[in-house]
Amino acid sequence: MRFRPVDSAFYALFTEQAQHLVTGTALLAEMLAEASDKEDVATRMRAAEHDADETTHALIRRVNSTFVTPFDREDIYALASGLDDVMDEMDEVVDLILLYEVKVLPAELSQQVEVLQRCAELTAEWMPKLQAPQSLEEYWIEINRLENAGDKNHRRTLARLFSGEYKTIEVLKLKDIVESLEAAIDAFEKVANIIEQIAVKES
Amino acid sequence: MRFRPVDSAFYALFTEQAQHLVTGTALLAEMLAEASDKEDVATRMRAAEHDADETTHALIRRVNSTFVTPFDREDIYALASGLDDVMDEMDEVVDLILLYEVKVLPAELSQQVEVLQRCAELTAEWMPKLQAPQSLEEYWIEINRLENAGDKNHRRTLARLFSGEYKTIEVLKLKDIVESLEAAIDAFEKVANIIEQIAVKES
Amino acid sequence: MRFRPVDSAFYALFTEQAQHLVTGTALLAEMLAEASDKEDVATRMRAAEHDADETTHALIRRVNSTFVTPFDREDIYALASGLDDVMDEMDEVVDLILLYEVKVLPAELSQQVEVLQRCAELTAEWMPKLQAPQSLEEYWIEINRLENAGDKNHRRTLARLFSGEYKTIEVLKLKDIVESLEAAIDAFEKVANIIEQIAVKES
């Protein structure tokens, strides 16, 4: 086991990034609710995305100004930008719903947002334990399980979009939204894979 | 010329990856045949993709547990995941054909699958010679030539899709399938480029 | 401040890459003009893209054959291929306009091309100063500002495409073109980010 410097700021910042994702998924769920004020939710999402960016930049500044980092510099970059990518994909979903003026969203989309909420909670829960990356095995296995469930749901949603129920122009809009949701879930899986790789290197 | 350790398991595993791609392209060709049982082909494709994953994981485990690797660790990762990406793209094609319930596919798609079959055969044929990466020049030139041919065919196919012959909803479905085929060919080119880079470093 | 070897060929080649992008954006503007001979513009774009490839390869050959490089080898690769990606995205725009036989393009597209022209000019103007990467702060801030403006315009364009003014098949075509323009602007932002990272490392 390698000696790990005690600079706990990195773990605090990764945890902060994960907490922004919990906020983001809550806003996504609100966006999908029929009665929500979509303009207002989108404004708050933009603010959340901005906060997440701040945390990411703080992490990158710290990695650039720290001589001995807890993990390889490139792994810290990869993890920080991996977490940031999740937020960007979720922001994109909210943005498209507003931009395309989609009124009624298929129920399958709520199931994808539930998967995303579970991913965000798990990430926020485990991130403080990153100091011992090997101990996160349960985390990356569970994220991979959630991604599989999300993928099955994604395929069901696509099949429904093309079932003849929707006008072609609506299919075009909804497909973009559905694919951004899928991309957000994939981005969580990528985060889990990065952590697994860090753990493998440390072992 | 650098001393190269004799651990031949890496070359055997890369060759195994390439052989999975030969299987994958054969299944793709079967999927496109009008009379095929698409559910059954898709099931076998899923199994082939799973087998390919196993080989990729075996390669990554080996790279992580080996002290002296035949090439830079990051190049082995890049090549292993490059080969894995080809399989994922081909799996996506099969998946979309089943999911979108496309009955008749334009003839241009078969030409793209022929390009893919030629790429897979070439890759399987040359991979055992990876121990002397510079000797693979003919391989990467030929893959680049095939990618150019595939690109021309891809553009012809897109022009046909938008010619007015197809209903818009069908264009939307076929465009996804056609783009996944193109992505699979591009993924082969990326593999060839990685090998060229390895050869350059070694020279 | 690190000692920097005097091999000025790298800076000359990066500047050459940027100049190809100035040519590319001029051709894009010509392609959008209603009266232009689109076949002819596309032929010249193909030639420009080919020239840009030559410069990229010259850069990569030089990095592979030079013992002491002005920046980390991987940063030179990243910057060279980042600049090359911009050209590829612009070539894609020209290609799609020809391929899809789009006759009338929404005015919003010209605004995106103006953003691209400004990005290319800035890049060509600043690239010769790359020897002192920290001095390029004004450059990367301005590119980020342009990318923000481009993003706002992109969203307005998408909203217009889906406003009901266009037939669905036209939306499908125009959306591809509009997204390639956006990808070209994003590719410029990526170049600016790479330069910022190089500056951070040097400081």
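1. A salt bridge here is a side-chain nitrogen of Lys or Arg within 4 Å of a carboxyl oxygen of Asp or Glu. In this predicted model, that rule finds 2 salt bridges across the interface of chain B and chain C. One of them links B:Arg155 to C:Asp95, with the closest N and O atoms 2.2 Å apart. Polar contacts between chain B and chain C come to 3 residue pairs.

2. On the extent of this interface: 11 residues of chain B touch 11 residues of chain C. The size of an interface is often given as the accessible area lost when the parts come together. For chain B and chain C the buried area is about 1,000 Å², and carbon and sulfur atoms give 67% of that area. Three residues, B:Arg155, B:Phe162 and B:Thr168, supply 53% of what chain B buries against chain C, more than any other three residues. B:Arg155 thus appears twice in this note, as a contributor of buried area and as a salt-bridge partner of C:Asp95.

3. Which elements of chain B give two or more residues to the side that touches chain C? They are helix H5 (137-161) and helix H6 (168-202). Of the elements on that side, H6(B) gives the most, with 7 residues. By residue type, the side of chain B that touches chain C divides into 6 nonpolar, 2 polar and 3 charged.

4. On symmetry: a turn of 120 degrees, with a shift of 0.0 Å along the axis, lays chain A on chain C with an RMSD of 0.0 Å. That is the relation of a three-fold axis. The residue of chain A that comes closest to the rotation axis is A:Thr168, whose C-alpha is at 4.1 Å.

5. Do the copies meet through the same or different surfaces? Only 18% of the interface residues of chain A are also interface residues in chain C, so the surfaces through which the copies meet are different.

6. On aromatic pairs: the structure holds 6 over all chains. A pair of aromatic rings is described by the distance of the centres and the angle of the planes. For A:Phe162 and B:Tyr100 the ring centres are 4.4 Å apart and the planes stand at 45 degrees, so this pair is tilted. A:Phe162 lies in the loop between helix H5 (137-161) and helix H6 (168-202) of chain A, and B:Tyr100 in the loop between helix H3 (73-99) and helix H4 (108-126) of chain B, so the pair joins two chains.

Key
Residues numbered from 1 in each chain as written. Chains lettered and ligands numbered in written order. Predicted model: local features only at pLDDT ≥ 70, side-chain atom pairs only at ≥ 80, totals over all residues. Heavy atoms only, no water. Least-squares fit on C-alpha atoms with pLDDT ≥ 70 in both. Contact = heavy atoms within 4.5 Å. Buried area = accessible area lost by both parts, 1.4 Å probe. Polar contact = N/O pair within 3.5 Å; in protein donor to acceptor, adjacent residues only side chain to side chain. Helix = DSSP H or I, 4+ residues; strand = E, 2+ residues; numbered from the N terminus. Nonpolar A, V, L, I, M, F, W, Y, C, P; charged D, E, K, R; others polar. Phe/Tyr/Trp six-rings, centres within 6.5 Å; stacked < 30°, edge-to-face > 60°.
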